[in-house]
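Visitor: I have a structure to look at and would like to know how its labels are reached. Please show it, and I will ask as we go.

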Amino acid sequence: MLETRAADARQFTTSSFDPQRASAEEWAQALAYWRQRHDEDFPGEPQPDDAHTQQDVRQHTPLHVVHRAFARDAQGRIVGSLNMGVRREGSPDYATFAPFIDVWGGVLRSHQRQGVASTLLHRLLALMETRDPTTATFKAHLPEGRAFLAAIGATEKHRSIENRMAFAGLDWAALARWRADALAPTHGLRLEIHAGRVPFDRLATLMAPLSALLEDAPTSALERAPLRFELEGFHA
């Protein structure tokens, strides 16, 4: 499928995006692209703040690395993106996570079905050949994305439902009743509120039980690395 779209994709080029080394102009182009993608994918929802987006993308994560690539048209404008998340070499239990790579991205609606995504996938193939992971898992929440994955022969292994609560219509009285019932003395539950950041010694005690809950969530036939919370990931 990638080869059959090669002729359509010749007008597009791809390049890596390094958040730590990108120039001010490259950042401006990236932020503008992400804003447009947000408006197209989540119409009517508030835009994330550019400064927060930039801080989030630049954030060092000790356990994972995200390789980012952009596709550009003949005029140099960003029209698509691909993100590839892998376990950071040298991190704890690296060998267990190394065979897996998480992939997400998208293409502007004005440039879909023109070979942009197929062009970007060559970046994924190159990374997999370098690192030798065996399983790439794509996340797609829009019909266009699912259609593209089906067209290239991807197999659906898991489907989930996203619940986007409208807080304007939330029954706050009912929520207060649920809270009071949950914290009734007979249940043995209590709330701890820490100003600022949760102390690491308290956070450490939550890693195992939260990981057990996460691992217990059904993921159908999805081939994946273990699902867990890791204290090293919170240091950043």
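What follows is a conversation about how the terms used for this structure apply to it.

Guide: One remark comes before the rest: this is a predicted model.

Visitor: What makes up the secondary structure of the protein?

Guide: The protein has 8 helices and 5 strands. From the N terminus on, the elements run α-β-α-α-β-β-α-β-α-β-α-α-α. Along the principal axes, the C-alpha atoms fill a box of roughly 70 × 45 × 40 Å.

Visitor: How are the strands of the sheet ordered?

Guide: The order is 1-2-3-4-5, in an open sheet of 5 strands with mixed pairing. Averaged over the sheet and with direction ignored, neighbouring strands are turned by 25 degrees against each other.

Visitor: Why are strand 1 and strand 5 called edge strands?

Guide: Strand 1 (13-16) and strand 5 (135-138) each pair on one side only.

Visitor: How do you know that strand 4 and strand 5 are paired?

Guide: Pairing asks for at least two bridges between two strands. Strand 4 (residues 100-107) is joined to strand 5 by 4 bridges, so the two strands count as paired. They run parallel. One of the bridge partners is A136 in strand 5, which goes with I101.

Visitor: Which helix packs on this sheet, and what does it touch?

Guide: Helix 5 (residues 116-131) packs on the sheet and touches strand 1, strand 2 (64-72), strand 3 (78-87), strand 4 and strand 5. The direction of helix 5 makes about 20 degrees with that of strand 3.

Visitor: What makes the phi of R113 worth a remark?

Guide: Most residues other than glycine have a negative phi. R113 is not a glycine, yet its phi is positive, at about 65 degrees. R113 is found in the loop between strand 4 and helix 5.

Visitor: Why is R113 called exposed?

Guide: The word exposed is used for over 50% relative accessible area. R113 has 82% relative accessibility, so R113 counts as exposed.

Visitor: What is the phi of S220, and where does S220 lie?

Guide: S220 is not a glycine either, and has a positive phi of about 55 degrees. S220 lies in the segment after helix 8 (200-216). Its relative accessibility is 59%, which is over 50%, so S220 counts as exposed.

Visitor: How many salt bridges does the structure hold?

Guide: The structure holds 14 salt bridges.

Visitor: Why does the pair R21 and D18 count as a salt bridge?

Guide: The limit is 4 Å between a side-chain nitrogen of Lys or Arg and a carboxyl oxygen of Asp or Glu. In the pair R21 and D18, the closest N and O atoms are 3.8 Å apart. That distance is within 4 Å, so the pair counts. R21 is exposed because its relative accessibility is 72%, whereas D18 at 34% counts as partly exposed.

Visitor: What makes D73 buried and R77 partly exposed?

Guide: Buried means under 20% relative accessible area, and partly exposed lies between that cut-off and 50%. D73 has 7% relative accessibility, so D73 counts as buried. R77 has 49%, so R77 counts as partly exposed. D73 and R77 form a salt bridge, with the closest N and O atoms 2.9 Å apart.

Visitor: Which parts of the chain does the salt bridge between R87 and E230 link?

Guide: The side chains of R87 and E230 meet at 2.8 Å, N to O. The pair links distant parts of the chain: R87 is in strand 3 and E230 in the segment after helix 8, 143 residues apart. R87 and E230 are both buried. Elsewhere, R190, E192 and R202 are joined into one network by salt bridges that share partners.

Visitor: What makes F229 eligible for a nonpolar surface patch?

Guide: Patch residues need over 30% relative accessible area and no salt bridge. F229 has a relative accessible area of 32%, so F229 is over that cut-off, and counts as partly exposed. F229 is in the segment after helix 8. The patch is formed by F200, L206, L210, L213, L214, F229 and F234, with about 580 Å² of accessible area together.

Visitor: How much of the protein is buried, and how much area does the protein expose?

Guide: Of the 236 residues, 28% count as buried. The protein exposes about 15700 Å², and carbon and sulfur atoms supply 56% of it.

Notes:
Residues numbered from 1 in each chain as written. Predicted model: local features only at pLDDT ≥ 70, side-chain atom pairs only at ≥ 80, totals over all residues. Heavy atoms only, no water. Helix = DSSP H or I, 4+ residues; strand = E, 2+ residues; numbered from the N terminus. Axes fitted to C-alpha atoms, helices over the stretch in contact; angles between N-to-C directions. Contact = heavy atoms within 4.5 Å. Buried < 20%, exposed > 50% of the residue type's maximum accessible area, 1.4 Å probe, protein only. Patch = residues over 30% accessible without salt bridge, like charges linked within 9 Å, V, L, I, M, F, W, Y side chains within 5 Å. Areas by Shrake-Rupley, 256 points an atom, 1.4 Å probe, with all protein chains shown as cover.
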